[in-house]
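I opened this entry to keep a record of what I looked up in the structure. The notes follow the order in which I went through it.

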Amino acid sequence: MTPLLDVQHLTVTFERQGSQTTAVDDLNLTIEAGETLGLVGESGSGKSVTALTILRLLQPPARVRGGQILFEGRDLLSLSEAEMRSVRGGRTLIPASGRSRYSASGRASESQTKASATRCCLTRL
């Protein structure tokens, strides 16, 4: 069976004034239908860059240097912007905030979920 999301050897860099910084280095992850994945790490570890890259919302000076992103078997890096809008549909990215008080050991309350959803950077287009 084809995974829902399959990211292989993803590398993302930022280029400024002739220097290059690697934000995501050779990332591999697979998510099957029905699974949930939470990206956890220190500030600056590449969590948001990874999510924005998968959704193809990352802007220059960021650049995908290598890898493949397959969603339901479709190569997201080769799709047109119109095709990506269709893929994104009503999916939502809820970025973490340093001011948030979420506990990884507990469940988000309905009010926390609604508040986060209003701050998300993706809406139905």
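Which residue stands opposite Glu-15 in strand 2? I found Gln-20 there. The model is predicted, and I read every entry below with that in mind.

**Entry 1. The hairpin.** I looked up the two strands that hold this pair. Strand 1 covers residues 5-16 and strand 2 covers residues 19-31. They pair in the antiparallel sense, and I noted nine bridges between them. Two residues lie between the strands of this hairpin. Gln-17 takes a positive phi there, near 45°. I also checked Val-7 in this pairing, and its bridge partner in strand 2 is Leu-29.

**Entry 2. The other partner of strand 1.** I next looked up strand 3, residues 62-71. Strand 1 and strand 3 run antiparallel and are joined by eight bridges. I wrote down two facing pairs. Thr-11 stands opposite Gly-66 in strand 3, and Val-12 stands opposite Val-64 in strand 3.

**Entry 3. The sheet as a whole.** In what order do the four strands stand? I read the order as 2-1-3-4, in an open sheet with antiparallel pairing. Strand 2 and strand 4 (74-75) are at the edges and have a single partner strand each, so each has one side without a neighbour in the sheet. I then looked for what packs on the sheet and found helix 1, residues 47-54. Helix 1 touches strand 1, strand 2 and strand 3. The direction of helix 1 makes about 110° with that of strand 1.

**Entry 4. Thr-53.** I picked one residue of helix 1, Thr-53, to see where it sits. Is Thr-53 buried or exposed? Its relative accessibility is 3%, so I entered Thr-53 as buried, the cut-off being under 20%. Leaving out residues up to four places away in sequence, Thr-53 touches Leu-10, Val-12, Leu-58, Val-64 and Ile-69. Two of these names were already in my notes, since Val-12 and Val-64 stand opposite each other in strand 1 and strand 3.

**Entry 5. Helix 2.** I went on to helix 2, residues 81-88. Which residues of helix 2 are buried? I listed Met-84, Val-87 and Arg-88. These residues cover an arc of only 95° around the axis, and therefore lie on the same side of helix 2. I looked up what covers them, and the cover includes helix 1, strand 3 and strand 4. Just after helix 2, Gly-89 takes a positive phi of about 45°.

**Entry 6. Val-87.** I took the buried residues of helix 2 further, beginning with Val-87. The relative accessible area of Val-87 is 10%, so this residue is buried. Not counting residues up to four places away in sequence, Val-87 touches Phe-71, Arg-74, Leu-76 and Leu-79. For Arg-74 I also noted the backbone separation. Val-87 and Arg-74 are 13 residues apart along the chain, and their C-alpha atoms are separated by 9.6 Å.

**Entry 7. Arg-88.** Arg-88 is also in helix 2. At 3% relative accessibility, I counted Arg-88 as buried. What lies 3.1 Å from a polar atom of the Arg-88 side chain? I found the backbone oxygen of Arg-56 at that distance.

**Entry 8. The whole chain.** I closed with the totals. The chain has three helices and four strands, and along the sequence the pattern reads β-β-α-β-β-α-α. It has 125 residues, of which 26% count as buried. I also looked up how far apart in sequence the contacting residues are. Among contacts between residues at least 6 apart in sequence, 56% join residues at least 24 apart. The exposed area of the chain is about 8700 Å², and carbon and sulfur atoms supply 49% of it.

Definitions and conventions
Residues numbered from 1 in each chain as written. Predicted model: local features only at pLDDT ≥ 70, side-chain atom pairs only at ≥ 80, totals over all residues. Heavy atoms only, no water. Pairing = 2+ DSSP bridges. Contact = heavy atoms within 4.5 Å. Axes fitted to C-alpha atoms, helices over the stretch in contact; angles between N-to-C directions. Buried < 20%, exposed > 50% of the residue type's maximum accessible area, 1.4 Å probe, protein only. Areas by Shrake-Rupley, 256 points an atom, 1.4 Å probe, with all protein chains shown as cover. Polar contact = N/O pair within 3.5 Å; in protein donor to acceptor, adjacent residues only side chain to side chain. Arc of directions from axis to C-beta.
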